[in-house]
Amino acid sequence: MNLSVAYLGRSRIWTGPAGVAMSLAPNLRRDRASYVGTLQQPLRFREAVSALHDVVVSDLRFHEKDHSDFKDYLARMKEREDALRRGTTAQVRADLLARGDLVVPEGLENDFKRLRKVYWDARLDYSNYLCKHDQELWRLLVPCDPVITVAPDVLFFECFSKDESSYGCLTVERGAFAREENVALGTTNVDYSWPLYEEFQKLRSYRETRFQVDPKGFEVRTEGTADYREEKIDLPPSWLRGFMQLQSAMSLPMRRVPVSREGLYNVVAWLRRHRARKSPRAVRFELEPGKPVTLVLEPWEKRIVLHATPYPGLRAEVIRTWGRDRLRVLARLLPLADGADVYLLGTGLPSFWSVRMGEMRLLLGLSGWTANDWTGGSALDQIAPPLEPSTDLLGDVAATFKDNPSRTFEEVRSRTGAAAPYAAAALNRLALMGQVIHDLPAGVYRWRQIMPVALALSEVGPESPETQAGRELVAAGVVKLVRDERSPSGLRLLAGMVGSAAGAAEFIALLTKGLLANAAVEAVLDGDGRILRGKCGCSYHRQAGLRRGPCRHLQALRRVAMGERPEPTTLESWFTRLWN
């Protein structure tokens, strides 16, 4: 998706005799959104926005080891050899010129073109290297500038990480500011850069800090001025899809698990001091109503019992979540934190960690996987509504936010007159399209357009055809698990039979007669449930193996082994499963 932004000047912070002034340049390509106020707790804001910065630049995907020293050695040896060759070439050239009968060799022009291509290819590779390692080229680190929303009761800043797996939202109550001016409700991008992050570190409690989303660019004609600049951003489809999927997941009901500051400290401290060498790498929540919450860090089985925070839920559960290494970005907030809450959807699904700091809250959303690949996407697709809400219903739900940009679920349902399952499906769809955000701690839905225009589902991106087909195989009941064992090393060995979704009756008949040797599928899962190796006779697996993700048959076998049930076919059954 191509996104156009325009700014008047740069976001900046400057210090004067009266204190510190912080000015964020808004995107002039969007509707006006502005705010001016004085921060009463600048230290909390400094630490919270620094943690948000750590979220947006985090990239925990696998990176190759740095062999730069060895390559430097090879480069020095090559330079030495080249110097010897140049000396020899110069000597031979001098001897030939001295002879006086030099003839232009045949094919010289072709050799020149070939070597010129070698030179420019090498120059391009070097240019790409500089782009990758030069922090001034900020767009390589931040696919999209952070988004700020001015609401009647709060300001909140949102960002999504480079590796497409973490979401950050800093919410600041309007009561945290004094002497408000030029308030215009709305949502906009703000210019952000590495120097601005460094300037944030200079905020101090003994200096008055003036904060503003600068309204100046909306009040005068800016195009053609020296400070005016435009930029076109090509948002990666996977980045946009990952962002919107997390927004969609946030719109669903979750279990709230209270976590004390001491408990959060123990989790972060243990993760900083230990590194898991093998899977599983999950955080396991052992929840029993009225009893202390217990967090278990795998694979060490480190138990952290939160005696001060009993679980307020109604039924006992064990939920495992992934993506815990990103919790280390919360370390800066611990001295200022009052406590935290974790919002859980279920095992293998996104989790949201909300840290309270007085009138500020930082929400860290973890998709559960290091990369936004088929694993995380298929898990999120399991909880999507089975049917598309109508266009009229989407319009009615959107209209309820016109006079008040924040509504509870019951307010949306009563104002639209829609049944609860249909209202829930509409809110989920609007969240996926970037129109609505669910404020989990406040328990309200807020109208917030993450992009200047409403996103179509085609722009969010379709799921993998193999993932969709794998889900259909499970729903058709043509997957038979015949082996599920654990190896001494902790790997999970699966074997089964997978038929065709179009021939469920034929599959059952052949299975009964033992005539399904060609439908045999085998898979090896690690402790985190990811497919390490697989065996299948389909053309997709024969051609690509696991390089493009598992085939539909391997995914279907894994889904059954992980206990997935056939998906609900009606909105009522979907609503009952999630809301009860």
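Reader: What share of the 580 residues of the protein chain counts as buried?

Author: Buried means under 20% relative accessible area, exposed over 50%, and partly exposed in between, using a 1.4 Å probe and protein chains only. By that yardstick, 49% of the 580 residues are buried. Keep in mind that this is a predicted model, where local features need pLDDT of at least 70 and side-chain atom pairs count only at pLDDT 80 or more, while totals for chains, interfaces and linings use all residues. Residues are numbered from 1 along each chain as its sequence is written, and side-chain values use heavy atoms, with hydrogens and water left out.

Reader: What is the mean pLDDT of the chain, and where does pLDDT stay under 50?

Author: pLDDT is the predictor's confidence in each residue, from 0 to 100. The chain's mean is 80, with 81% of residues at 70 or more. Residues 135-141 stay under 50, and the model has 18 contacts for them beyond four places in sequence; a contact means heavy atoms within 4.5 Å. Residues 513-518 are below 50 too, with five contacts beyond near neighbours in sequence. Where pLDDT is low, the predicted coordinates should not be read in detail.

Reader: How many helices and strands are there?

Author: Both are DSSP runs numbered from the N terminus: helices are H or I with at least four residues, strands are E with at least two. The chain comes to 17 helices and 26 strands. As for contacts between residues at least 6 apart in sequence, 71% join residues at least 24 apart.

Reader: At what angle do H11 and H17 pack?

Author: Axes are lines fitted to C-alpha atoms, for helices over the stretch in contact, and angles run from 0 to 180 degrees between N-to-C directions. Under 35 degrees counts as roughly parallel, over 145 as roughly antiparallel, 65 to 115 as roughly perpendicular, and the rest as oblique. H11 (residues 420-432) and H17 (residues 571-579) sit at about 80°, with axes 9 Å apart, so they are roughly perpendicular. H11 brings Ala420, Pro421, Tyr422, Ala424 and Ala425 to the contact, and H17 brings Leu571, Glu572, Trp574, Phe575 and Trp579.

Reader: Is helix H16 buried or exposed?

Author: Eight of the 10 residues of H16 (residues 552-561) are buried, so the helix is largely enclosed by the rest of the structure. Among them are His553, Arg558 and Arg559. Just after H16, glycine 563 takes a positive phi of about 85°.

Reader: How many disulfides does the structure hold?

Author: A disulfide is a covalent bond between the sulfur atoms of two cysteines. Here the cut-off is a pair of cysteine sulfur atoms within 2.5 Å, and the structure holds zero. For cysteine 169, the closest cysteine sulfur, in cysteine 159, is 8.7 Å away, too far for a bond. Cysteine 551 is in no disulfide either, with the sulfur of cysteine 538 at 3.7 Å. Cysteine 169 is buried at 6% relative accessible area, and cysteine 551 is buried at 0%.

Reader: Which residues does the cis peptide bond join?

Author: Glutamate 298 and proline 299, with omega about 5°. Proline 299 is in the loop between strand S14 (292-297) and strand S15 (302-310). That loop also has glutamate 301, whose phi is near 55°, a positive value in a residue other than glycine. Glutamate 301 is partly exposed at 43% relative accessibility.
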